Amino acid sequence: DEHDEQTRFDAIIAADQRIEPRDWMPDKYRSSLVRQISQHAHSEIIGMQPEANWITRAPSLKRKAILIAKVQDEAGHGLYLYSAAQTLGVTREEMTQKLIDGKARYSSIFNYHTPTWADMGAIGWLVDGAAICNQVPLCRASYGPYGRAMVRICKEESFHQRQGFEILYELSHGTPEQKQMAQDAVNRWYWPSLMMFGPSDDASPNSAQSMAWKIKRFSNDELRQRFVGMCVPQFEALGLECPDKDLRFDEETGQWISGEIDWDEFMAVLDGRGPANGERLDHRRTAHEDGAWVREAAAEYARKQRERARF
Ligand code: FAQ
């Protein structure tokens, strides 16, 4: 009965083993996973837009090829993650519909503009860097399909992070104008990348339960602080300045402590009032509508194949 199922579920979690799609799970565990995984998938799909903006204008053929590969990886991540969410009983159509109706969340970070080539460097270095820091612990998430998807995704994110760092390194060791362009891009993306980790722990309603279920392994603030500490020596290697003027090293804990995050800006972006929220959704909706004939053709092809197989 239900009680035995719950006991078995609790034992699997306590033993650090995995819950698989056919296993019994509490309804709230299921719905929280659908929430997090679908948001994550949407983030990857919407996240293609800021960088796709530069594919046609990449400064060389080599840079263009690399950028296309990166954006294609993001599409792949979105597809793995939609598949992982589907194992929990939601359909791809439901998730997509929620996204284009503006009823689903995706990461705040993708609601900012990319005015210069250096933004490609800043996204790779900071946004993929933050994503790795947040997602490596998710490789051990208690839900099997999610954890396994994360392993490959994190490997690809590592390549993305290095290509971003390399773009910035080249710019920051170029002409004074190029160096300034790199600094400006980093100034634009630094604070929003810290917001990717979510609200502070005292304002994070899902954290405690997600940690008890071993979906999350560390709190939002713990991961954010770890990321800040990782960035410090990398700023130095790049020869760029951290835009956080209050950043300080705490001798007692051996940690870098950042200045105050602008939570009003974060809430505004979550509320749909970020610099690019409207255009991101419009673009996604148009792409979905323009792709209708492809989906119809694929469905019709599949139907014909099934019919043929019957004879
Ligand atoms: N943006 O109670 P918590 C990428 C929402 S990386 C928007 O702390 P939780 C790679 C949160 O959903 C980006 N919403 O929630 C890439 C919740 O709302 P809800 C994607 C945010 O789940 C790189 C409410 O606030 N990565 O795509 C944000 O315990 C370059 C309260 O928050 C992931 O999704 C935010 N920043 O912790 C692609 C990682 N923060 O659902 C292209 C997986 C919070 O109750 C180019 N997700 N919210 O309506 C997670 O680790 C977690 O879900 C957190 C939030 C840490 C994001």
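1. Start with lysine 214, placed in the loop between α9 (207–212) and α10. The model is predicted. Within it, lysine 214 has a positive phi of about 60° although this residue is not a glycine. Check the backbone there by eye.

2. Aspartate 16 calls for a similar look. Its phi is near 60°, a positive value in a residue other than glycine. Aspartate 16 belongs to the loop between α1 and α2. Is aspartate 16 buried, partly exposed or exposed? Aspartate 16 has a relative accessible area of 45%, so it counts as partly exposed, a class that runs from 20% to 50%.

3. Next, aspartate 221. This residue is found in helix α10. Aspartate 221 is partly exposed, because its relative accessibility of 24% is not under the 20% cut-off for buried. Which residues does aspartate 221 touch, leaving aside neighbours within four places in sequence? The contacts are Ser200 and Asp201. Proline 199 is 22 residues away from aspartate 221 in sequence, and their C-alpha atoms are 8.0 Å apart in space.

4. Helix α10 comes up again at the largest cavity. The count is one cavity of 30 Å³ or more. About 30 Å³ of space lies in the largest cavity. Its lining consists of Trp125, Gly129, Gln161, Phe227, Met230, Cys231 and Gln234. Two elements, α6 and α10 (220–238), give two or more residues each to that lining. Of the elements, α10 gives the most, with four residues.

5. Trp125 also has a place among the aromatic rings. Ring pairs join Trp125, Phe165, Tyr169, Tyr190, Trp191 and Phe235 into a cluster. Trp125 is thus named both in this cluster and in the lining of the largest cavity.

6. The aromatic pairs in the model come to 13. One of them is formed by phenylalanine 9 and tryptophan 24. The geometry is edge-to-face, with 6.2 Å centre to centre and 85° between the planes. Why does this pair tie together parts that are 15 residues apart in sequence? Phenylalanine 9 lies in helix α1 (residues 2–14), whereas tryptophan 24 lies in the loop between α1 and α2 (27–46), so the pair bridges that separation. Phenylalanine 9 is buried, because its relative accessibility of 1% is under the 20% cut-off.

7. Now the nonpolar interior. How many residues are in the largest nonpolar core? That core has 73 residues. Tyr29, Ile37 and Tyr143 are those with the most contacts inside it. Helix α6 (residues 118–135) supplies the largest share of the core, nine residues.

8. Tyrosine 143 deserves a closer look. Residues up to four places away in sequence are not counted here. Tyrosine 143 touches Ile19, Glu20, Pro21, Met25, Tyr29, Leu33, Ile37, Ala84, Thr87 and Leu88. Tyr29 and Ile37 appear in that contact list, and both are also named with Tyr143 for the most contacts inside the core.

9. Tryptophan 54 is in the loop between α3 (48–52) and α4. Its relative accessible area is 10%, so tryptophan 54 counts as buried, the cut-off being under 20%. Beyond neighbours within four places in sequence, tryptophan 54 is in contact with Leu67, Thr114, Pro115, Thr116, Trp117 and Met120. Leucine 67 is 13 residues from tryptophan 54 along the chain, with their C-alpha atoms separated by 8.2 Å.

10. The ring of tryptophan 54 also has a charge over it. The charged end of arginine 57 sits 3.9 Å from the ring centre of tryptophan 54. A second case involves arginine 226, which lies over the face of phenylalanine 218 at 4.5 Å from the ring centre.

11. Last, the second largest pocket. Its volume is about 360 Å³. It is lined by 13 residues, and the closest to its centre are Arg92, Thr96, Arg284, His288 and Arg295. Which elements give two or more residues to the lining of the second largest pocket? They are α4 (61–86), α5 (92–100) and α12 (277–290). The largest share of the lining, five residues, is from α5.

Notes:
Residues are numbered from 1 along each chain as its sequence is written. This is a predicted model: local features need pLDDT of at least 70, side-chain atom pairs count only at pLDDT 80 or more; totals for chains, interfaces and linings use all residues. Side-chain values use heavy atoms; hydrogens and water are left out. Rings of Phe, Tyr and Trp (its six-membered ring) pair if their centres lie within 6.5 Å; planes under 30 degrees apart count as stacked, over 60 as edge-to-face and the rest as tilted. Buried means under 20% relative accessible area, exposed over 50%, partly exposed in between (1.4 Å probe, protein chains only). A charge sits over a ring if NZ of Lys or CZ of Arg is within 6 Å of the ring centre and within 35 degrees of the ring normal. A nonpolar core is a set of buried Ala, Val, Leu, Ile, Met, Phe, Trp, Tyr and Cys residues joined through side-chain atoms within 4.5 Å. Contact means heavy atoms within 4.5 Å. On a 1 Å grid over the protein atoms alone, a cavity is a set of points where a 1.4 Å probe fits but cannot get out, and a pocket is an open set with protein on both sides within 12 Å along at least five of seven lines; lining residues have an atom within 4 Å of a point. Grid points are joined across faces, edges and corners, and a volume is the space filled by probe spheres set on the points.
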